[in-house]
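Grab a viewer and a notepad. Here are some exercises on a protein fold, each with a solution you can follow step by step.

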Amino acid sequence: MKEMRKLLCTRDQVNLKCVLLGGQCFRWKETAPDEYSGVFAGGFWLLQQNDDHIAYKRLPSTNSDEESLCNYLRMDEPLDLYYKEWSLCDPIFKKSAERFKGIRMLKQEPVENILSFICSSNNNITRISSMVEKMCTLYGKKIDGTNYYSFPTIETLIGEKIEEDLKIAKFGYRAKFIRQTAEKMFELGSDKWIEKLKNMDYDSAKKELMLLPGVGPKKLFL
C-alpha cells in the first residue's frame, strides 16, 4: 500500500472515533488505537488520527483522494463556529461540547445511508455493521487490490431472489423493506431521483423520501 498522505486538521476539528464509530455509518472498524479502516467513494481507506493531522491512504488511489476525504468529512463546515452558536442557544449542548469536540455529520452516499438505516431497525451497531458488510459482499463490486466491496447499486438489489437471499443471511423482516425500497427508488428514477432530492428544500425532500417503504419520520431524523 502506498505511503500515507496528510490532511491537516486537529482532533477538535474531527474526532474520528466518535464520527466513524458513533452509529451514523456502519462500514468502519478500529484496526489499532487511533486507526480506522473503511469503505466510501468506491475505495478502501485507512485513516490515522494525529493531534494536528489525519494520515490517510486509499485503494485504489486517485488524484482526488484529499478532495473525496474532505467532502466525506464535510471539512468545509466551520464546526468551531457552530459549536459556539449552539452553546449560546442550548445550555445542555454547551455542557457536553467540551467533552465531545470534533463531531461531524458525514456526507454519505444517499442510497447507502437509506438502506443501512433500514438495517438499523430494532438493532445494534455491531449487528447493523455486520449486515451492511454482508449486503456489500453479496451484491457490491470488489474493490481492486483488496478484499472489500463497494456498496451495491439500486439495480443490483431488485427482485424477489434478493429478498430470499437476505432472509437466508438473517436480515429477517428487513429483507423485504430493502428489496421494496430499492425497487421504489428505481421506479422513481434511481440516481436521477437522488440528484433531484439534493436540490429540494427540506420539507419537499422529506415528503419524497417517505414514499420509500420502511422509511418513516424516525429514520429521516436519524
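Buried means under 20% relative accessible area, exposed means over 50%, and partly exposed is in between, using a 1.4 Å probe and protein chains only. This is a predicted model, so local features need pLDDT of at least 70 and side-chain atom pairs count only at pLDDT 80 or more, while totals for chains, interfaces and linings use all residues. Residues are numbered from 1 along each chain as its sequence is written, and side-chain values use heavy atoms, with hydrogens and water left out.

**Exercise 1. Work out whether K141 is buried or exposed, and list what K141 is in contact with.**

Step 1: locate the residue. K141 sits in the loop between α6 and α7; helices (H or I, at least four residues) and strands (E, at least two) are DSSP runs, numbered from the N terminus.

Step 2: apply the cut-off. The relative accessibility of K141 is 66%, so K141 is exposed.

Step 3: look for contacts, meaning heavy atoms within 4.5 Å. Setting aside neighbours within four places in sequence, K141 is in contact with Y148, Y149 and S150.

Step 4: check the backbone. K141 and F151 are ten residues apart along the chain, and their C-alpha atoms are separated by 7.4 Å.

**Exercise 2. Do the same for C136: buried or exposed, and which residues does C136 touch?**

Step 1: C136 belongs to helix α6 (residues 125-139).

Step 2: with a relative accessibility of 0%, C136 is buried.

Step 3: not counting residues up to four places away in sequence, C136 touches R27, Y149, S150, F151 and P152.

Step 4: try a distance to I194. The two are 58 residues apart in sequence, and C-alpha to C-alpha they are 20 Å apart in space.

**Exercise 3. Find the buried residues of α2 and what they pack against.**

Step 1: start with a reminder. An α-helix has 3.6 residues a turn, so residues three or four places apart point the same way.

Step 2: pick out the buried positions. In α2 (residues 65-73) these are D65, L69, Y72 and L73. They fall within an arc of 90° seen down the axis of α2, so they line one face of the helix; the arc is that of the directions from the helix axis to the C-beta atoms.

Step 3: see what they pack against. The partners are β1 (5-8), α1 (16-21), β2 (28-32), β3 (35-40), β4 (43-49) and β5 (53-59).

Step 4: glance past the end of the helix. R74 follows α2 and has a positive phi, near 55°.

**Exercise 4. Sort α9 into its buried and exposed residues, then describe how α9 packs with α10.**

Step 1: in α9 (residues 191-198), the buried set is W193, I194 and L197. Their arc around the axis is only 100°, which puts them on the same side of α9.

Step 2: D191, K192 and K198 are exposed on the other side of α9.

Step 3: the cover over the buried residues of α9 includes α5 (110-119), α8 (174-188) and α10 (202-209).

Step 4: get the geometry. The axes of α9 and α10 come within 9 Å and cross at roughly 150°. Axes are lines fitted to C-alpha atoms, for helices over the stretch in contact, and angles run from 0 to 180 degrees between N-to-C directions.

Step 5: classify. Angles under 35 degrees count as roughly parallel, over 145 as roughly antiparallel, 65 to 115 as roughly perpendicular and the rest as oblique. The pair α9 and α10 is therefore roughly antiparallel.

Step 6: name the contacts. W193, K196 and L197 in α9 meet A205, E208 and L209 in α10.

**Exercise 5. Classify two more helix pairs, α7 with α8 and α5 with α6.**

Step 1: α7 (residues 160-168) and α8 pack at about 150°, with their axes 8 Å apart. They are therefore roughly antiparallel to each other.

Step 2: E160, E163, L166 and K167 in α7 meet A175, K176, I178 and R179 in α8.

Step 3: α5 and α6 have axes 9 Å apart and pack at an angle of about 130°, which makes α5 oblique to α6. The contact is made by L115, S116 and C119 of α5 and I128, M131, V132 and M135 of α6.
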